[in-house]
Amino acid sequence: MPSQALKNRQKGLVLLISLIVLVVMTLAAIALVRSMSGSNQIANNLALRQGTTAAADVALEKARFWLVAQSLNAPGVLNSASNANGYSPINTPNPIAGNAWAAGINWVWANPNVGNAPLPSTTINKPFNANGYAAAYFIQRSCATAGKKTPNRSGCDLQKMSPNEPESNSEYQMIYKITVRIEGPKNTVTFYQATLF
């Protein structure tokens, strides 16, 4: 028969092992909660990124629609600035200053509710889309000066449409750059740029 002292020592050992197991389980639970929190943050960041991309696509399409319409119907309009439509006939080296537009940039809000009509930059109430994103755009022609341009020696960046053709048979297209600024939830600001020719 075991003595009374041996029984008392065994009870203390079980308590110590139980406390160690409890501490290990608590640490595992904390790690699991932190892991789930990180996964939720990653999913939230991906949703924000997809939302800004969708809003930028809408703004880019509205700017492209205006540019194509002018090219087809009234190409002379593209030789001078159109502040109401966020258009500049000259290349601005950097239309972005920090997380805002640089001084002198005539940007417009891409209105998500009314066709392709832009809203002026002075609009107090920004037109947010259903997901809480507001997009503004600025179109610039890649030329050093305003006015009508011809393909050769025009002071513009041009895209040669058929790179393998001899110079005499080549056609050139004007290059336009569209810069989009997206304001989204959690005070996020994102810029996108697209080049059209």
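Here is a short chat about a few residues in this predicted model.

Reader: Which residues make up the nonpolar patch on the surface, and how much accessible area do they have together?
Author: Let's begin with one member, Val24, which sits in helix α1, running over residues 4-73. Val24 shares the patch with Leu13, Leu16, Ile17, Ile20, Val21 and Met25. Together, these side chains form a nonpolar surface patch with an accessible area of about 670 Å².

Reader: How many salt bridges are there, and which one is in helix α1?
Author: Side chains of opposite charge can pair when their charged atoms come close. The count here comes to two salt bridges. Three residues apart in helix α1, the two partners in question are separated by about one helical turn, and their side chains meet at 2.5 Å, N to O. That pair is Glu61 and Arg64.

Reader: Are Glu61 and Arg64 buried, exposed or partly exposed, and what are the values?
Author: Buried would need under 20% relative accessible area, and exposed over 50%. Arg64 has 32%, so Arg64 is partly exposed. Glu61 also falls in the partly exposed class, with a relative accessible area of 38%.

Reader: What about Arg181 and Glu183: buried or exposed, and at what distance do their side chains meet?
Author: Both Arg181 and Glu183 are buried. Their side chains meet in a salt bridge, with an N to O distance of 2.3 Å.

Reader: Where is Lys186, and what is its phi?
Author: Look in the loop between β9 (176-184) and β10 (188-196) for Lys186. With a relative accessible area of 60%, Lys186 is exposed. Most residues other than glycine have a negative phi. Lys186 goes the other way, with a positive phi near 60°.

Reader: Which other residue in the loop between β9 and β10 has a positive phi, about 55°?
Author: This residue lies in that loop and is not a glycine, despite its positive phi of about 55°. Its relative accessibility is 75%, so it counts as exposed. The residue is Asn187.

Reader: Where does Gln140 lie, and which backbone nitrogen does its side chain reach?
Author: Gln140 lies in strand β6, residues 134-141, and counts as buried because its relative accessibility is 0%. Leaving out residues up to four places away in sequence, Gln140 touches several others, including Ser88, Ile90, Pro95 and Thr179. Its side chain reaches, at 2.7 Å, the backbone nitrogen of Thr92.

Reader: What separates the C-alpha atoms of Gln140 and Tyr176?
Author: Tyr176 is among the residues that Gln140 touches. Along the chain the two are 36 residues apart, yet their C-alpha atoms are separated by 5.7 Å.

Notes. Residues numbered from 1 in each chain as written. Predicted model: local features only at pLDDT ≥ 70, side-chain atom pairs only at ≥ 80, totals over all residues. Heavy atoms only, no water. Patch = residues over 30% accessible without salt bridge, like charges linked within 9 Å, V, L, I, M, F, W, Y side chains within 5 Å. Areas by Shrake-Rupley, 256 points an atom, 1.4 Å probe, with all protein chains shown as cover. Salt bridge = Lys/Arg side-chain N within 4 Å of Asp/Glu carboxyl O. Helix = DSSP H or I, 4+ residues; strand = E, 2+ residues; numbered from the N terminus. Buried < 20%, exposed > 50% of the residue type's maximum accessible area, 1.4 Å probe, protein only. Contact = heavy atoms within 4.5 Å. Polar contact = N/O pair within 3.5 Å; in protein donor to acceptor, adjacent residues only side chain to side chain.
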